[in-house]
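Please open the model in your viewer and keep the sequence panel in sight. The tour proceeds by selections, and each stop states what is to be found there.

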Amino acid sequence: MTTIVEIENLSKTYDGGFQALKGVTLGIEEGEILALLGPNGAGKTTLISALCGIVTPTGGAARVGGHDVVTGYRAARAMVGLVPQEVALEPFERVINTVRFSRGLFGKGRDEALIERILRQLSLWDKRDARIRELSGGMKRRVLIAKALCHEPRVLFLDEPTAGVDVELRRDMWEIVEGLRRDGVTIILTTHYIEEAEAIADRIAVITGGDILLVEEKAALMQRMGRKVLRIDIGERLETVPEGLAGYDLTLGADAMSLTYTYDSHGQGTGITRLLQAIAAEGLSLRDVHTKQSSLEDIFVGLIKENAA
């Protein structure tokens with residue numbers, strides 16, 4: 001695949017001395033969806049802002065479609081669309097004029113059919129003549145998305161696009177994202193709804209403290225770091241884990257009537273058979289067993305905690 005976004009040792013230090021990016025290196029492939037995950041203050045928005053020409057890097061280099069984001073910023077910026085976290089729109093302008101104006105900023109000719117299609121996709125067509133100040137918060141978020149798409153970008157940055165919006169918009173948003181992916185658009189997503197990233201992303205990048213912690217195919221990451229949890233409900237209350245089960249690294253549940261066992265489902269042996277035999281040997285009665293696969297959120301939280309330790 002072709003690398004459409006190239007980031008090499010990119011850094012950003014603000015006037016007060018805060019280093020938001022510390023030599024980030026990352027390649028993003030054409031047509032993929034990359035989820036950029038990290039805690040608040042990790043550098044996600046700064047990285048996106050640098051790639052979109054909003055923030056000037058203090059070191060390193062970045063290119064979009066081969067165009068340097070500093071020396072060739074006009075060509076680089078023309079290739080990208082951005083849905084920012086903040087809703088900053090002219091309150092007295094009409095929806096359709098707001099979208100038309102954004103298209104004109106990139107030197108694109110009028111294309112009423114395209115604008116109508118985008119507004120219909122986002123359930124904004126009936127609101128096209130409404131003033132921005134008349135819209136709900138969710139509708140304003142839809143206008144931001146329409147503005148980002150109106151000049152037909154090849155790279156789309158979504159910085160917390162569904163934060164605080166209704167379920168309907170989130171569903172519509174991901175339908176549009178899937179359509180854009182089919183058209184070959186590259187999408188970089190930041191979100192606090194990690195289940196969304198798990199559902200749609202091809203690769204996961206984790207950033208913390210201005211550093212990229214890892215970049216990996218989602219499926220490979222889930223297989224490599226994913227764990228399973230077995231909860232065993234027993235028929236009597238326990239004060240502690242019995243000594244005969246001490247070798248299994250069990251955790252006693254808050255109800256004192258369950259035991260939790262974590263294991264690698266991809267290993268050669270899970271140890272479950274021996275564990276159940278040991279429980280029976282202790283004279284404990286089984287009421288039920290449950291298994292749960294660790295999610296991307298579990299993996300993400302574990303990575304961040306491990307890095308902070």
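The largest cavity in this predicted model has a volume of about 40 Å³. The structure holds one cavity of 30 Å³ or more. Rolling a probe the size of a water molecule over the atoms shows where empty space is left.

**Stop 1: the lining of the cavity**

Select I7, L26, I28, L34, L36, L47, I48, L51, F157 and I188, the residues that line the largest cavity. Which classes of residue make up the lining of the largest cavity? By class, there are 10 nonpolar residues, with no polar and no charged ones.

Next, colour strand 2 (19-29), strand 3 (33-37) and helix 1 (44-51), each of which supplies at least two residues of this lining. The largest share, three residues, comes from helix 1.

**Stop 2: T25 in strand 2**

Remain with strand 2 and select T25, which has its place there. Leaving aside residues up to four places away in sequence, T25 touches I7, E8 and N9. Show the side chain of T25 together with the backbone of N9: the backbone nitrogen of N9 lies 2.9 Å from a polar atom of that side chain. For a view across the chain, select E198 as well. T25 and E198 are 173 residues apart along the chain, and their C-alpha atoms are separated by 23 Å.

**Stop 3: I33 in strand 3**

Proceed to I33, which lies in strand 3. Is I33 buried or exposed? I33 counts as buried because its relative accessibility is 0%, and buried means under 20%. Display its surroundings: apart from residues up to four places away in sequence, I33 touches V177, R181, I187, I200, A201, D202 and R203. Now add E178 to the selection. Although I33 and E178 are 145 residues apart along the chain, their C-alpha atoms are separated by 9.3 Å.

**Stop 4: T191 in a loop**

Select T191, located in the loop between strand 8 (186-190) and helix 7 (194-200). Its relative accessibility is 5%, so T191 counts as buried. With residues up to four places away in sequence not counted, T191 touches L36, L37, E160, E196 and A197. Show the side chains of T191 and E196, which make a polar contact with each other at 3.3 Å.

**Stop 5: helix 4**

Select residues 112-121, which form helix 4, and highlight its buried residues, L114, I115, I118 and L119. Turn the view until you look down the axis of helix 4. The buried residues fall within an arc of 130°, so they line one face of the helix. They pack against helix 3 (95-105) and helix 5 (137-149).

**Stop 6: helix 9**

Select residues 272-281, which form helix 9, and highlight I272, L275, A278 and I279, which are buried. Around the axis they cover an arc of only 125°, which puts them on the same side of helix 9. What do the buried residues of helix 9 pack against? Their partners are strand 11 (228-234), strand 13 (258-263) and strand 14 (286-293). Rotate the helix to see the face turned away from its buried side, which carries the exposed residues T273, R274, Q277, A280 and A281.

**Stop 7: residues with a positive phi**

Most residues other than glycine have a negative phi, and most peptide bonds are trans. The last selections concern positive values of phi.

- Select S123, just after helix 4, where phi is about 55°.
- Select G283, just after helix 9, where phi is about 80°.
- Select E152, in the loop between helix 5 and strand 7 (155-159). E152 is not a glycine, yet its phi is positive, at about 55°. E152 counts as partly exposed because its relative accessibility is 42%, between the limits of 20% and 50%.
- Select A256, in the loop between strand 12 (251-252) and strand 13. A256 is likewise a residue other than glycine, and its phi is positive, near 60°. At 15% relative accessibility, A256 counts as buried.

Note on methods:
Residues numbered from 1 in each chain as written. Predicted model: local features only at pLDDT ≥ 70, side-chain atom pairs only at ≥ 80, totals over all residues. Heavy atoms only, no water. 1 Å grid on protein atoms, 1.4 Å probe; cavity = no way out; pocket = protein on both sides within 12 Å on 5 of 7 lines; lining within 4 Å. Points joined across faces, edges and corners; volume = space filled by probe spheres on them. Helix = DSSP H or I, 4+ residues; strand = E, 2+ residues; numbered from the N terminus. Nonpolar A, V, L, I, M, F, W, Y, C, P; charged D, E, K, R; others polar. Buried < 20%, exposed > 50% of the residue type's maximum accessible area, 1.4 Å probe, protein only. Polar contact = N/O pair within 3.5 Å; in protein donor to acceptor, adjacent residues only side chain to side chain. Contact = heavy atoms within 4.5 Å. Arc of directions from axis to C-beta.
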